[in-house]
Protein chains: 2
Amino acid sequence: MPSSLILGAGAIGAFFGSALARQGFEVSVVCRSDYQVVKQTGFHIRSPLLGEHRFTPAQVFSSAHEAGKQHDFVFLTTKVLEGEDRAAFLRPVVGKDTVIVLIQNGIDIEADIQAAFGENEILSGVAFIAVSRTGPGEVHHQSAGSLTLGSYPRGISPAAQALASAFEAAGVPCKPTEDIVKARWQKALWNATFNPISIMGGALDTAIILRTEEDRQVVRTAMMEIAAVAAAAGYAIATEVIDKLIAGTLAMPAYKSSMAQDFENGRPMEIEAILGNVVRAAHQRHVAVPTLDAIYRIAKMVEAKMRSESR
Amino acid sequence: MPSSLILGAGAIGAFFGSALARQGFEVSVVCRSDYQVVKQTGFHIRSPLLGEHRFTPAQVFSSAHEAGKQHDFVFLTTKVLEGEDRAAFLRPVVGKDTVIVLIQNGIDIEADIQAAFGENEILSGVAFIAVSRTGPGEVHHQSAGSLTLGSYPRGISPAAQALASAFEAAGVPCKPTEDIVKARWQKALWNATFNPISIMGGALDTAIILRTEEDRQVVRTAMMEIAAVAAAAGYAIATEVIDKLIAGTLAMPAYKSSMAQDFENGRPMEIEAILGNVVRAAHQRHVAVPTLDAIYRIAKMVEAKMRSESR
């Protein structure tokens with residue numbers, strides 16, 4: 001069976017890694033903060049999809065250097081943060097034939113990896129999942145749990161198909177897609193609006209954000225701007241999707257976005273990957289995005305305040 | 001000497017009332033929350049302009065009904081809040097010859113008072129002052145302290161001139177203006193941007209809001225939108241004013257706006273008077289204000305969250 005390495009195994013990495021392990025993949029992890037616990041007892045995972053179980057990785061490493069280059073698949077499942085060099089993080093574990101799998105948030109997050117590893121196959125994945133670390137080695141999967149996966153920049157390679165089939169067999173819905181970049185833009189509609197808005201005023205949940213028709217109109221306007229950028233980038237999104245997204249969010253219980261949770265816990269936020277890259281894509285293509293500009297800059301002010309307080 | 005009544009004597013009312021009292025005006029107050037203390041010992045005011053002193057009103061009333069209609073000037077110095085009927089509050093104290101003086105924040109805050117008291121002279125004033133209530137009957141004037149005053153909708157009546165002269169003589173810079181509505185629009189440039197932005201992310205000060213050139217660009221864009229609304233309403237504002245305002249704010253020590261202070265203390269915020277009325281004026285005149293739309297709705301979300309938590 002293929003050997004896989006989860007690089008930066010937090011909640012997301014542990015969840016998807018455990019699914020592959022269940023299908024017989026040899027799954028090792030590089031685990032920084034929880035290394036000691038995971039090395040001794042693995043991950044304890046509670047999940048409505050996978051049940052409550054213990055995931056014992058084949059090997060547990062405390063650094064990428066220690067893990068080495070012998071793995072068929074390397075999954076990068078960390079947050080995408082400003083100033084962090086993901087290519088440098090990957091370098092010690094990417095061999096000649098390594099398939100790099102990015103399961104990360106954001107828009108335009110593959111280009112620098114492709115530039116650094118031009119000879120390697122790159123898969124890109126968008127996870128729809130609410131999962132969090134509740135303690136050292138403790139992972140709580142609350143809801144959802146699916147993955148959209150494809151080859152970057154497009155297509156479905158045999159490796160992508162194999163991974164998708166393994167996830168499906170493990171009970172994790174995984175759609176392979178011919179056009180993962182378009183899938184990222186579609187996810188950006190929700191991600192790049194609700195996430196940054198949710199960190200205003202000390203964390204807003206979806207019920208507050210969508211409380212009145214006027215509030216929904218601002219969310220809709222922001223989403224229309226994202227769709228316009230996507231279209232300019234060559235990825236047309238049907239605008240009915242927007243009303244469906246808003247209606248779907250309204251139909252769900254009030255939900256605090258992952259960025260709101262990061263904000264409340266003083267953790268780094270993926271503002272650049274999730275919204276900054278959308279705004280930059282807009283400016284490059286001369287698409288006017290006044291609503292996104294305002295939300296983006298105010299989110300950066302909130303982040304600056306958070307950082308100044310944690311110093 | 002003219003008899004004056006300060007209706008809703010908080011920090012602002014006590015400050016300007018004490019200045020008039022110093023010039024020999026007979027100044028009474030309607031004081032709700034601090035009635036007992038003020039009735040017994042008056043206001044204790046610390047001010048770089050007026051010094052530290054005690055202001056003992058001629059009479060202290062606990063309600064407008066008690067105060068009656070015999071006053072020459074009635075000053076309304078309360079916050080302008082959604083759902084509060086200021087005309088109803090004024091009605092018990094407005095006689096045939098009463099001059100109504102609105103020293104309040106916001107845009108378009110005179111029309112409903114004029115509609116209710118069509119026979120009365122109305123003066124409108126914009127205060128530039130950092131002053132706060134630090135305890136029952138305790139007023140701390142931190143900085144600034146000036147008033148721009150005029151007849152509504154325009155002109156400088158003898159009453160406006162008399163008041164302005166009295167404030168000046170008391171040491172409070174007071175410019176009478178022929179065009180108080182334009183002065184309100186000019187103040188809105190700062191007020192309608194910094195105030196609502198400052199309540200994001202748990203209260204942002206001016207240093208955070210103006211930290212980078214990109215941040216300043218969003219503030220500038222919001223101010224340009226306000227200037228465009230003002231121009232459509234007939235009040236052209238030179239756009240150099242905007243860069244001067246931003247430079248002036250940068251040159252001052254970091255400052256938390258009054259709305260940020262209200263937010264932090266869970267007090268009602270003047271979002272509608274300060275920004276909502278600007279946005280409505282824009283929509284009525286078909287002026288596109290996408291930045292203000294976004295800031296306004298997000299500010300309303302923050303307010304909704306604050307209210308839901310205080311219930």
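These are my notebook entries on the domains, the chain contact and some local features of a predicted model.

**Entry 1: the domains of chain A**

I started with the domain assignment. It splits chain A into domain 1 (3–178) and domain 2 (182–310). I then looked up the centres of domain 1 of chain A and domain 2 of chain A, taken over C-alpha atoms, and they are 25 Å apart. I asked how many residues each domain gives to the contact. Domain 1 of chain A gives 19 residues, and domain 2 of chain A gives 21 residues.

Next I wanted an area. The size of an interface is often stated as the accessible area lost when the parts come together. Between domain 1 of chain A and domain 2 of chain A, about 1,600 Å² is buried. Carbon and sulfur atoms give 52% of that area.

**Entry 2: pairs between the domains**

I turned to charged pairs. Side chains of opposite charge can pair when their charged atoms come close. Between domain 1 of chain A and domain 2 of chain A, I noted four salt bridges. I also looked at A:Glu82 and A:Arg307. They form a salt bridge, and their closest N and O atoms are 3.9 Å apart. The cut-off is 4 Å, so this pair counts.

Then I noted the polar contacts. There are 14 residue pairs in polar contact between domain 1 of chain A and domain 2 of chain A, with both residues at pLDDT 80 or more. Which strand gives the largest share of the side of domain 1 of chain A that touches domain 2 of chain A? It is strand S8 (residues 122–135) of chain A, with six residues. I sorted that side of domain 1 of chain A by class as well. It has nine nonpolar, six polar and four charged residues.

**Entry 3: where chain B meets chain A**

I moved on to the two chains. In this contact, 28 residues of chain B meet 28 residues of chain A. The two chains bury about 2,300 Å² between them. Of this, 73% is on carbon and sulfur atoms. Which residues of chain B lose the most area to chain A? They are B:Arg297, B:Met301 and B:Lys305. Together they make up 28% of what the chain B side buries.

I met B:Arg297 again when I looked up salt bridges. The rule finds two across the interface of chain B and chain A. I noted the salt bridge between the side chains of A:Asp215 and B:Arg297, at 2.8 Å from N to O. The rule also finds eight residue pairs in polar contact across this interface, with both residues at pLDDT 80 or more.

I then checked which helices take part. In chain B, helix H8 (206–209), helix H9 (213–232) and helix H13 (290–310) each supply at least two residues of the side that touches chain A. H13(B) gives the most, with 13 residues. By class, the side of chain B that touches chain A has 16 nonpolar, five polar and seven charged residues.

**Entry 4: how the copies are related**

I wanted to know how one copy maps onto the other. Two copies of a chain are related by a rotation about an axis and a shift along it. Here, a turn of 180° and a shift of 0.0 Å along the axis lay chain B on chain A, with an RMSD of 0.0 Å. That is why I wrote down a two-fold axis. The same surface serves both copies, as 100% of the contact residues of chain B recur in chain A.

**Entry 5: local features**

Over all chains, the count is 38 salt bridges. I looked up a pair within chain A. The side chains of A:Glu213 and A:Arg216 meet in a salt bridge, at 3.2 Å from N to O. Both lie in helix H9 (residues 213–232) of chain A, three residues apart, about one turn of the helix.

I finished with the backbone. Most residues other than glycine have a negative phi, and most peptide bonds are trans. The peptide bond from A:Tyr152 to A:Pro153 is cis, with omega near 5°. A:Pro153 sits in the loop between strand S9 (138–151) and helix H6 (158–170) of chain A. In chain B, the bond from B:Tyr152 to B:Pro153 is cis, with omega near 5°. A:Asp108 is not a glycine, but its phi is positive, about 60°. I found A:Asp108 in the loop between strand S7 (99–103) and helix H5 (111–116) of chain A.

Methods: Residues numbered from 1 in each chain as written. Chains lettered and ligands numbered in written order. Predicted model: local features only at pLDDT ≥ 70, side-chain atom pairs only at ≥ 80, totals over all residues. Heavy atoms only, no water. Domains from an automatic or database assignment. Contact = heavy atoms within 4.5 Å. Buried area = accessible area lost by both parts, 1.4 Å probe. Polar contact = N/O pair within 3.5 Å; in protein donor to acceptor, adjacent residues only side chain to side chain. Helix = DSSP H or I, 4+ residues; strand = E, 2+ residues; numbered from the N terminus. Nonpolar A, V, L, I, M, F, W, Y, C, P; charged D, E, K, R; others polar. Least-squares fit on C-alpha atoms with pLDDT ≥ 70 in both.
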